[in-house]
Structures are given as C-alpha cells and as structure tokens.
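Biologist: Please take a close look at a single part of this model, the surroundings of the ligand. I should like a connected account of the contacts and of what forms the shell.

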Amino acid sequence: MRKPLVVVGAGIAGLSVALSAAPRPVWLVSRGRPGEASASALAQGGVAAALGEGDDPAQHAQDTLVAGAGHNDEENVHWLVSQAASAIAWLAGQGVCFDRDASGYCLGREGGHGRHRIVHARGDATGAAIVAALAARAETAAHITWFDAHALQGIGLRAGRVAGVRLADAAGETVGLQAADVVLATGGIGALFAATTNPPGADGAGLALALEAGAQARDLEFIQFHPTALAVDVGGPLPLLTEALRGAGAVLRDGDGHALMAGRHPLGDLAPRDVVAREVWRERHAGGSAWLDATALGDRLASDFPTALAIGRAQGIDPRRQWLPVAPAAHFHMGGVSVDALGRSTVPGLHAVGEVACNGVHGANRLASNSLLEGVAFGRRLGAWLASHASAPGATADEWITLGDDAPPCDLRTLRCLLAQSLGPVRDGDGLRRALAEIAATPGLSQAWQGRLATRLLHAALARRDSLGAHWREDTPAGPSIHQRIATPAYGEIP
Ligand SMILES: Cc1cc2nc3c(=O)[nH]c(=O)nc-3n(C[C@H](O)[C@H](O)[C@H](O)COP(=O)(O)OP(=O)(O)OC[C@H]3O[C@@H](n4cnc5c(N)ncnc54)[C@H](O)[C@@H]3O)c2cc1C
C-alpha cells in the first residue's frame with residue numbers, strides 16, 4: 001500500500017497535484033469548502049496559451065522573459081509555455097468549458113502579451129469555472145480524501161525530513177496526519193497588504209511555515225501590484241478589473257481625461273503590469289486620480305465581461321457609460337519557497353507549487369495569465385512524479401514546526417498599512433528601514449508569525465538595491481534596462 005501524500009491547498013495548483021497523483025492516496029487539506037477561499041476562483045482573465053494563428057511557444061516565452069525583466073529561470077519558462085496546449089486540453093478534459101467560436105478557443109489579450117493568447121471561460125469568470133470543475137472531480141476521485149475546513153498549523157520533521165502535518169479543524173481540534181511527502185499549495189501573501197485583490201486566506205501562512213521549517217526562500221521582494229483594482233472602500237479585498245478589458249480596448253485616463261499611459265511605454269495600456277502599476281501609483285501619489293474608461297466596449301461588457309460589469313454596478317457605476325476609479329493593489333507574489341523544476345524545496349519531503357512556490361518562472365514580474373498556467377502545468381508534473389516515486393517510509397515526527405502566535409487584529413491592521421506604504425509599487429531604503437523598526441518595536445508584531453514573515457520580505461527588499469521588475473527602488477539607480485538584455489519583440493500594431 002502506497003503511503004498517502006498530503007496536499008495543503010485546493011486552488012488550481014493543489015487540485016492539479018491531487019488529481020494527477022492518482023493512484024497514490026492523497027489527503028487534500030483546505031481552509032474552506034472545495035474551491036472556496038482561493039485566489040484561483042477569483043481569476044478573471046484566463047490562462048495564457050499560444051494557440052492563435054501566427055503564435056507559438058517561443059513568442060510566449062519571449063513575452064514572459066521581457067515581462068519578468070530577464071530575471072526568470074529560462075529553462076522553466078520554456079518548459080511552462082511548451083505545456084500550455086496540453087494544460088488547456090487537460091482542463092477541458094476535466095470539464096472546464098472554455099469559451100469557443102467557430103474557429104476554436106476565443107483568445108483574449110492582456111498586458112505584456114504580443115498576441116491574443118488568453119483562453120477564458122464564461123467571459124471573465126475563468127477561475128471560478130476552472131475551480132468548480134476540478135473540485136467536482138476531486139470530490140468524487142477515489143484516491144482523494146478531503147479535509148476541508150482544516151487549517152495547516154504545523155509541519156512535523158524527523159531527522160530533518162518531513163514526517164507529517166498538524167491541522168486544526170473547524171472546532172479548533174488538532175488533527176495529525178503522518179506523511180513523508182507534503183505539498184504546500186497555499187497561495188500568495190496579498191492579505192498582508194492594506195490594498196489587495198487577494199482573498200483574506202492569502203495570508204502567507206504556508207510560506208511562513210516552510211521558512212520556519214528551514215526551507216530556502218527565493219525572490220521574496222518581488223510582489224506584483226495590479227494596476228486596476230477598483231478604488232472603493234469595500235472593507236475587504238478590492239474588486240479587480242481584469243487587464244483583458246484593456247486588451248479589448250479600455251483605456252486608462254488621468255483626472256483630466258488624458259490617456260495615462262500615452263508616451264510612457266511603447267505598449268501603452270498593454271505595457272507589463274509593473275510599469276502600468278507604477279504609473280497609476282505615481283499619478284495618485286502626485287495628488288491626481290486614475291480611471292479606467294471601458295465605455296468604448298459598450299454592450300460587449302455584458303457578453304464578454306459580466307464580472308467587470310457587475311463589479312461596477314455593485315458600486316453604483318455603469319462602466320458602459322462611466323469611468324471606473326482605479327488604484328494599484330497587491331496581487332501576486334513572484335517569490336516564495338525556493339523549489340526545483342519538480343517542486344522540491346530544500347527540506348526533504350516538503351514540496352511547493354503554485355503561488356507559494358518560486359521556481360523562477362515569473363522572474364521579477366509575472367506576465368498576465370501565466371499563473372493559472374503555472375498551477376496546472378507544474379501541479380500536474382509534481383503530482384505525476386509523486387505518484388510514481390518511491391517515498392520514504394512514514395516515521396513519527398521528532399520535531400514540530402508551528403507558526404506560534406497570531407498578531408492581534410489591531411497590530412495586523414498596522415502591519416498591512418506598513419507593508420502597503422513601504423513594500424508597494426515604489427519603494428526606498430528609508431521606508432523599508434522604518435517599517436522594520438516599527439515591527440521590531442511592536443511586541444504584537446515582532447512575536448507573531450505575520451511580523452516575522454513581513455520582516456523577511458522587508459529584508460529581501462532592502463538587500464536588493466537595484467530596481468528590477470516589480471521591485472522599484474526610488475533611492476538607487478535602476479538596474480540595467482530590460483531592453484539592453486532582452487530585445488523587445490517587434491510585434492505589429494495592437495489591433
Ligand atoms: C482577483 C484575481 C484575479 C486573477 N486573475 C488571474 C488570471 O486571470 N490569470 C492568471 O493566470 N492568474 C490570475 N490571478 C492569479 C492567480 O489566480 C493565482 O496566482 C493562482 O490562482 C494561485 O493558485 P494557487 O493554487 O497557488 O493558490 P490559491 O488559488 O490561492 O489556493 C490556495 C489554497 O490554499 C488554501 N490555504 C491557504 N493557507 C492555508 C492553510 N494555512 N491551511 C489550509 N489551507 C490553506 C486556501 O484555502 C486555498 O484552498 C488572479 C488573482 C486574483 C486575486
């Protein structure tokens with residue numbers, strides 16, 4: 001009998017691992033009900049795949065490297081884009097109904113992409129469609145036992161190797177699972193920031209535990225800010241206005257109605273996300289405002305962007321006639337648990353995949369819609385490998401790594417504001433040092449795992465003195481321009 005494998009996280013990455021690990025038994029752990037509380041379910045734009053006429057994986061790879069400021073692991077990038085067609089086919093086989101027309105998949109366009117290559121489902125409700133299909137499969141899969149409403153609390157080690165996990169169930173009772181292989185698929189860290197598009201559960205607990213267990217981290221300073229979160233006070237995650245809106249013709253405007261990106265980047269509104277986020281940030285910090293004008297899309301909003309239309313209407317704004325106020329918000333963590341191409345961390349038996357992991361594929365700035373693709377492609381690869389490799393026999397843990405204290409709610413609010421100010425789209429050394437000092441001087445933060453994780457992020461940002469991709473330091477000279485290292489592809493005009 002094969003020893004079960006623990007997968008923590010039921011977003012696209014965790015579900016892809018769990019389904020692909022058959023016939024090996026999988027204990028699938030998630031905080032919410034199947035598919036709930038994941039960033040995956042919120043994804044709007046879609047999955048990048050070079051399926052259109054005149055497109056190919058080499059062009060997709062080139063766009064990924066340009067967006068990532070050349071900081072990417074090139075081998076992993078080439079592998080990722082080569083897997084896109086089979087990832088889409090696999091998802092379709094799991095029951096995801098992607099939008100199609102007579103010529104095949106409908107392909108949208110997003111920032112940094114030289115071609116139309118975003119496969120989507122139900123218009124801009126792609127993530128919800130994918131998660132619903134995969135969760136339905138996982139719920140009926142004979143090899144998967146689901147521990148929903150369970151939170152990861154600790155990782156057990158024996159002689160430095162993973163031996164199991166400790167969970168807390170909904171009633172707060174501790175549940176122990178003995179396993180020699182544990183996969184972290186716990187998503188990102190956006191919930192540590194005051195303004196974010198991420199769900200509240202994207203608090204970095206999985207990343208924090210892995211680091212406490214001694215796993216090596218990579219690229220922690222690279223945090224992506226989405227330029228067009230709806231700038232309204234909703235008392236939680238900010239609603240996202242997908243980049244695909246700009247791909248379809250929406251335009252960013254300043255408070256005077258001028259095109260905000262005009263003359264600021266050759267790709268204008270479809271410049272890479274870090275560039276657009278900085279321009280929106282600068283406009284607002286100079287006392288101005290930023291707006292997304294999607295009025296040109298007219299009735300296409302109802303058919304192609306029902307989520308965006310509903311988001312506007314919920315705030316009393318009709319995007320067919322009115323501009324939407326926008327602001328940058330923490331959106332995606334390029335850094336994370338350092339893993340190899342299979343997803344193995346430096347702690348034997350501890351694996352990571354999806355947003356919590358860093359295999360270098362996104363470099364210093366993720367290309368839009370490459371994240372769902374990463375979750376499926378690397379998730380399937382890791383699942384298949386774990387299904388076939390001979391895991392060490394299970395052993396009882398002789399050491400437990402736990403998160404320890406949570407920050408009190410008022411200190412957590414302070415931390416979120418501190419990180420939004422100091423680790424935002426534009427940073428400087430003084431701001432980073434001030435944030436570190438404030439965490440150290442606040443017992444509720446310095447002794448809590450959130451404070452320790454934030455300290456790691458701030459130190460990583462302080463250590464990288466040059467500006468690169470999403471890590472922009474106002475106080476040091478910019479690193480070598482991407483254009484000096486990777487030629488921007490000579491695409492035609494954006495139709
Ligand atoms: C609003 C929004 C729109 C986006 N749009 C796109 C897009 O169009 N295309 C694209 O490619 N990417 C998009 N992204 C990014 C993408 O959705 C995420 O990067 C990706 O879905 C991450 O998948 P994941 O499986 O790694 O993590 P998630 O989907 O976040 O799943 C994490 C899972 O881990 C569980 N978990 C976390 N901590 C614990 C714990 N301590 N114990 C137990 N369980 C835990 C959660 O409950 C959840 O099940 C978007 C992100 C957001 C927020």
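**The ligand and its shell**

Modeller: In this predicted model, a backbone N or O atom of A185 lies 3.4 Å from an oxygen atom of the ligand. E355 takes part through its side chain, with a polar atom placed 2.7 Å from a ligand oxygen. For L372 it is again a backbone N or O atom that faces an oxygen atom of the ligand, at a distance of 2.8 Å. The ligand taken alone exposes 1,000 Å², and 97% of that is buried by the protein.

Four elements each give two or more residues to the shell around the ligand: α1 (12–20), β9 (151–158), β17 (324–333) and α11 (370–388). Of these, α11 gives the most, with three residues. In total, 36 residues surround the ligand. E355 and L372, whose contacts are described above, are among the closest, together with S40, G45 and S371. By residue class, the shell divides into 18 polar, 15 nonpolar and three charged residues.

The protein also has a nonpolar core to set beside this shell. The largest such core has 60 residues, and F193, L350 and L423 have the most contacts inside it. Helix α15 (residues 449–463) gives the most to this core, contributing eight residues. At least three residues of the core come from each of domain 1 (5–222 + 334–402) and domain 3 (409–463).

Terms used: Residues numbered from 1 in each chain as written. Predicted model: local features only at pLDDT ≥ 70, side-chain atom pairs only at ≥ 80, totals over all residues. Heavy atoms only, no water. Near = heavy atom within 4 Å. Polar contact = N/O pair within 3.5 Å; in protein donor to acceptor, adjacent residues only side chain to side chain. Areas by Shrake-Rupley, 256 points an atom, 1.4 Å probe, with all protein chains shown as cover. Nonpolar A, V, L, I, M, F, W, Y, C, P; charged D, E, K, R; others polar. Core = buried A, V, L, I, M, F, W, Y, C linked by side-chain atoms within 4.5 Å. Buried < 20%, exposed > 50% of the residue type's maximum accessible area, 1.4 Å probe, protein only. Domains from an automatic or database assignment.
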